[in-house]
Amino acid sequence: MLAEKLHELESQLYNIHYDRKETLYFLKQGRPLLVTGVQCHNSSTGTGMLQDAIQVAKEFHGNVLEAPVYWYLLEPQQNVYDTSHVRELIHTVRKAGLHLVILWFATNKNGHPNYAPEYIKLDPDTYRLAVEPDGLPVPSLSPHCQATLRADQKTFVELMKCIKEEDGDCGTVLAVQVENEAGLGGTDRDYSQAAQRDFENGVPPELEGVEIPDSGASMRDNSWRGRFGRHANEAFTAWHQARYIGEIAAAGKQVYNIPMYVNAMLGHPYSEAGMAYNSGGPTVRVLDIWKKAAPSIDLLCPDIYMPCRDYYTHFCQAYSREDNALFIPESSFAGPSAALNVIRAAAQYEAVGVCCFGAESALDETGSLREDVVDTAVSFQMVRNMAPLLLQYHGTGHIHAILQEEFMDQQLILTEGFRIVAHFDIRRRIPDTRETLPRGRGILVQTGEYEFYLTGDNVALDFVARPDPEEEMPRFWLACRQSNQLNFLTVEEGHFDEQNQWVVDFRRNGDETNYETYARKGEVVRIRLNPKMGKKGFVKA
């Protein structure tokens, strides 16, 4: 009865949380999809390099390829459109059995107009660049220029028409990223005459109540400086950049309404706009402004390349909000930190998707995954294998990230009924022929009062039933063999099929179940413990 009530509560929590945040990725059948995948290099679309990216996506056990399409190819001459490279991309990815996220490289590619058509670049009087206080231009198109906005918007509408025509009935394309790491490079705002007029107009009423921490704002008036203090220039640029991109997205959704997001270039958590990152993009400081300015954008997403745990968690926390599910469209794929951070994002912060950038570079000269990338691929395998449970139990508190941080040999997980200790040297119990074991990492999901699913690598778990709060001899029960995982019902290796049903591949018992329950190389293990474990009534006096 208790297990049934727990399952009912978990389902209610999942449904509430899902309706609020997990609305980005759906298959055509209406089933949610947890995105795992890679992004190809900037210029790979339409070249042979795309096949390398597809190979890496599959070796990463991914379901998605992120790939760009280019304004200058889609509009080779003003008002003349050619969608052939878009159609070819969609067909190539569909044939590979993957989903596609299209990246719109247009006004902004890392703050620069690299992918704008020649007619834009050759007419700066019409399609204005932003300028610095001394009047010199910076290599960023101004978000205060209506001519550029309308040209980009018009071509984006043609892109969305193409996607709908080629893919509306198939659903290969999951989402569109509008621009890439937008903002102004090399300056905190546009100091042109047009921009200055906008600045002097003050803060729009839509931003009533929005504040930026540590701004030192005096609140003396409704000017940008009065409202946002030392961060006024970044706030001003964010408002106009978000309005610019929001108008483009809104026009595209009128044609084909699929999810659209914007990604953010990030510096260190203490960096400043226009120096370490583009000013005006959807960075942590101005997320509230972006939400007000661009309601047509479904998600604001961080590109996180920092290996440092504290920096990585800082950005995961900032972008995982009630009004913004966490999706990481770009991250690093190499080294132990990358392998840990995939699990950190998917399990600890319950991201709706994680992708790595520069897929082709993950291959060595023989066409195999580089040695420093293999562990990250295994982490993606864990997420993909556990995706049905990660989606079902999102927001319930029953998903636990297992992460061997530096100098750590054990990790404690406390649930209502169990004290679970993760050990990070499985060779104590089972043979492993690898010369060096990777950092231990994994995901544990509790699906019932006495049922758990574990995936991981170099992870072994001790389950011990927690004594009743009124127990007079808690140490006795913690040390009792009756209280630990030796008192199991079943331990199974297996996988989830296409209908998300559990399929048993191998049943462990005997030597394979003595002491800790282990997981290697991304395998999934289902553990059913005995409801009578640790109960006094089970032991005869």
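A residue counts as buried here when its relative accessible area is under 20%. Keep that cut-off in mind as we walk through this predicted model.

**Stop one: Q153**

Start by selecting residues 146-167, which make up helix 6. Q153 sits in this helix. Is Q153 buried or exposed? Its relative accessible area is 15%, and that is under the 20% limit, so Q153 is buried.

Now show the side chains around Q153. A polar contact of 3.1 Å links the side chain of Q153 to that of R150. Leaving aside residues up to four places away in sequence, Q153 also touches E247, I248 and A251, so add those three to your selection.

**Stop two: the cysteines**

Next, colour the cysteines. How many disulfides does the structure hold? The count is 0. Take C162: the nearest cysteine sulfur belongs to C170 and lies 13 Å away. C162 is also buried, at 2% relative accessibility.

Then jump to C356. Why is there no bond between C356 and C355? The closest cysteine sulfur to that of C356 is indeed the one in C355, but they are 7.6 Å apart, which is too far for a bond; a disulfide needs the two sulfurs within 2.5 Å. Like the previous stop, C356 is a buried residue, with a relative accessible area of 1%.

**Stop three: the sheet**

Switch to a cartoon view and look for an open sheet of 6 strands. Going across, the order is 12-15-16-21-18-19, with antiparallel pairing. To find the edges, select 399-403 for strand 12 and 502-508 for strand 19; each of these pairs on one side only. Look along the sheet and you can follow how neighbouring strands are turned by 30° against each other on average, direction ignored.

Zoom in on strand 16 (residues 451-457) and strand 21 (residues 524-529). These two run antiparallel and are joined by 5 bridges. For a landmark, pick F452: across from it, in strand 21, stands I527.

**Stop four: the helices on the sheet**

Select residues 336-348 to bring up helix 12, which packs on the sheet. Helix 12 touches strand 12 and strand 15 (441-448), and its direction makes about 165° with that of strand 12.

Finish with helix 13, residues 374-392. Which strands does helix 13 touch? Strand 12, strand 15, strand 16, strand 18 (488-496) and strand 21 are the ones to highlight. The direction of helix 13 makes about 10° with that of strand 15.

Notes
Residues are numbered from 1 along each chain as its sequence is written. This is a predicted model: local features need pLDDT of at least 70, side-chain atom pairs count only at pLDDT 80 or more; totals for chains, interfaces and linings use all residues. Side-chain values use heavy atoms; hydrogens and water are left out. Two strands pair if DSSP finds at least two bridges between them. Helices (H or I, at least four residues) and strands (E, at least two) are DSSP runs, numbered from the N terminus. Axes are lines fitted to C-alpha atoms, for helices over the stretch in contact, and angles run from 0 to 180 degrees between N-to-C directions. Contact means heavy atoms within 4.5 Å. Buried means under 20% relative accessible area, exposed over 50%, partly exposed in between (1.4 Å probe, protein chains only). A polar contact is a pair of N or O atoms within 3.5 Å; within protein, one must be able to donate a hydrogen and the other to accept it, and residues adjacent in sequence count only if both atoms are side-chain atoms.
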